Amino acid sequence: MIASCLCYLLLPAARLFRALSDAFFTCRKNVLLAKSSSPQVEGSFAMAPRGPDQEECEGLLQQWREEGSSQVLSTVNEGPLVDKGLAQSSLALLMDNSGEQAAASEDKWSSRQLSDLRAAENLEEPFAGELGEDPLSEVEGPMWAAVPMQTDPQYADCAVLPMGGLAAEQWEEDPAVVAWSIAPKPMPQEEALIWPFEGLEQLQPPQMEIPYHEILWREWEDFSAQSDAQGLEAGDGPQFQFTLMSYNILAQDLMQQSSELYLHCHPDILNWNYRFANLMQEFQHWDPDILCLQEVQEDHYWEQLEPSLRMMGFTCFYKRRTGCKTDGCAVCYKPTRFRLLCASPVEYFRPGLELLNRDNVGLVLLLQPLVPEGLGQVSVAPLCVANTHVLYNPRRGDVKLAQMAILLAEVDKVARLSDGSHCPIILCGDLNSVPESPLYNFIRDGELQYHGMPAWKVSGQEDFSHQLYQRKLQAPLWPSSLGITDCCQYVTSCRPKRAERRKYGRDFLLRFRFCSIACQRPVGLVLMEGVTDTKPERPAGWAEAVLEEDAREPEPAFPRTIGTIQHCLHLTSVYTHFLPQHGRPEVTTMPLGLGTTVDYIFFSAESSEDENRTDRRLYQDGTLKLLGRLSLLSEEILWAANGLPNPFCSSDHLCLLASFGMEVTAP
């Protein structure tokens, strides 16, 4: 009985719901069509279902307003409706006390909903003909097309699902990444050029590919025809010319350990196989005679780099960092241009010494240039090439100075000639110090007063002056047990050489024939008649003891200077660290997007005195002359190429390249 009563009561409600549903879809479409001036509908809405004619729409709308069913409009802005959901919500509204909610429903309507209803009541005649067309397939209008989905939260739920055979034929994209909309009409060319925002500059669309070759173009600066610092023209005599490259190629292990520094790079350009191919192309393009590399990973060196460089005509020497480090330094030269005289690997680690407990290394080679046979009997001085990678830590300038002192002492030993002078020297590498820093000035000027200097200030990489506690350098910087003087020379190298070797002739040895020690019978001597059974008789007047000169020479005392270190190699930099044509400093690397210079090529030059300049030494060409160099870039240019590394440069450093000439002398 109760069930039959409920069915009797719900039957009018179902009929009313059907009427309300038809009215809702018809009214919503009319509102959209009334607001639109073209067949294209705004947003992601597509064509709505066709409804009855205009008179039926107006009747149902009037009935809807009289019965207080406006609660259904609250779901208009929530997305497309589904029949089942609409039926449940409408039935729930009808079973509630609609009389109490009718008074408040008018206030809950938004101004947008009221305007939609008024627009629906004032429909014009042209839309009546369109509403009378029922079949969707006979609608004449623009074609449907699949367009990329716009992830706007306002239209997140407004995508219209494909319907019918037409939609199935054009559904070629993934439904998760496309939405359906009416294909837009082509805009006339005159209208497309109009920029409607006054006072604002129209931005051009970014280029899809960055012209790295054009942005990172580096000029070759030729100095061979220029005069030297004293205004003297370069000599016309024969020269032995060669090129040298210094390059930190970024070890793959170090890059992966500090991946946060390379978030701006696409993962593909960080792949070692890609980077290796780029590096080899760079070596082949510049074709240096001497190649000094830093951050060379050991397994990559033996498996790929060394075999490839050997095929390019190089002979390579490699020194891995001490401890558990996997990278090191390499020096490669062409045996057709040089002959190896000696190779000295340098380790900065000293057990038990806190100042030198790091695993950095260096490599020093002494090369003899090979002069072509056509020049006849001529000779060229040997060339000393040193390559190193100094500690990075900006706070430990004391460690950097100690490491550099060891390298300079090794260079002094290898490059020292028999007359006490030095052969031409080239010192290059990643020194982790900026130009004009105390460490840089020490290498260039040959002297540094370090006592009381904050350790962070030595390299100039970062400013830690704001910190309360600062490590300061104390004299002496390193202990005497290191065996290196304050002039950056080994103690053994500073000892004076003996004028001549001792010569022991027959008369000198006969002086010991009847000395006391010679007349004593040795213990355990076997008694042999006629040989060991007699004791030698000392002649009359022969002294019992012979005064022997002390053959040992006293150890020379090397007084330690108070807070000052020096060297006598007379080095100067290939680069000036400033780009006059751009008005910007040169850059060799860009850690965290900040350009700086830490890579250098120093070469030996003759010092020149200038009374007007007392702040630093001046140099002029000596036995080794600078003939040219590959220009560096500014920070702004590297920013335009998305920093380092990039698809064109496969390291976080730029390579340094210079050309030199050495005098050829007759014997």
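1. In this predicted model, helix H11 is followed by Asp-287, a residue whose phi is positive, near 50 degrees. At the other end of the helix, Asn-271 acts as the N-terminal cap of H11, with a side-chain oxygen placed 2.9 Å from the backbone nitrogen of Asn-273.

2. The length of H11 (residues 272–286) can be checked against its residue count: at 1.5 Å a residue, and counting one less than the number of residues, its 15 residues should span 21 Å, and because the end C-alpha atoms are 21 Å apart, the two values agree.

3. Which residues of H11 are buried? They are Trp-272, Arg-275, Phe-276, Asn-278, Leu-279, Met-280, Glu-282 and Phe-283, a list in which Arg-275, Asn-278 and Glu-282 appear alongside Trp-272 and Phe-276. These buried residues pack against strand S4 (239–248) and helix H10 (252–257), as well as against strand S5 (290–297) and helix H12 (298–311).

4. Phe-283 of H11 also belongs to the largest nonpolar core, which has 63 residues, and is listed with Phe-242, Leu-244, Ile-290, Ile-426, Ile-601 and Phe-660 as the members that touch the most other members. Phe-242, leaving aside residues up to four places away in sequence, touches Asp-289, Ile-290, Phe-338, Leu-383, Ile-426, Leu-624, Ala-658, Ser-659, Phe-660 and Met-662. A second core, separate from this one, has 47 residues and includes Cys-384, Val-399, Ile-443 and Phe-602.

5. Strand S10 (residues 383–389) deserves its own point, since seven of its seven residues are buried. Both of its faces are covered, with Leu-383, Val-385, Asn-387 and His-389 on one side and Cys-384, Ala-386 and Thr-388 on the other. Leu-383 is among the contacts of Phe-242, whereas Cys-384 is a member of the second core.

6. As for pairing, S10 is joined to strand S9 (residues 361–369) by six bridges in an antiparallel arrangement, and Gly-362 has Thr-388 as its bridge partner in S10. Six bridges also join S10 to strand S11 (residues 425–430), here running parallel, with Cys-384 standing opposite Ile-425. Between S10 and S11 the chain passes through helix H13 (residues 397–415), and the resulting β-α-β crossover is right-handed.

7. Helix H13 is mostly covered, 18 of its 19 residues being buried. Its length can be checked in the manner used for H11: at 1.5 Å a residue the 19 residues should span 27 Å, and the end C-alpha atoms are 26 Å apart, which agrees.

Technical notes
Residues are numbered from 1 along each chain as its sequence is written. This is a predicted model: local features need pLDDT of at least 70, side-chain atom pairs count only at pLDDT 80 or more; totals for chains, interfaces and linings use all residues. Side-chain values use heavy atoms; hydrogens and water are left out. A nonpolar core is a set of buried Ala, Val, Leu, Ile, Met, Phe, Trp, Tyr and Cys residues joined through side-chain atoms within 4.5 Å. Buried means under 20% relative accessible area, exposed over 50%, partly exposed in between (1.4 Å probe, protein chains only). Contact means heavy atoms within 4.5 Å. Helices (H or I, at least four residues) and strands (E, at least two) are DSSP runs, numbered from the N terminus. A polar contact is a pair of N or O atoms within 3.5 Å; within protein, one must be able to donate a hydrogen and the other to accept it, and residues adjacent in sequence count only if both atoms are side-chain atoms. Two strands pair if DSSP finds at least two bridges between them. A crossover is right-handed if, with the strands pointing away from the viewer, the path from the first strand over the helix to the second runs clockwise.
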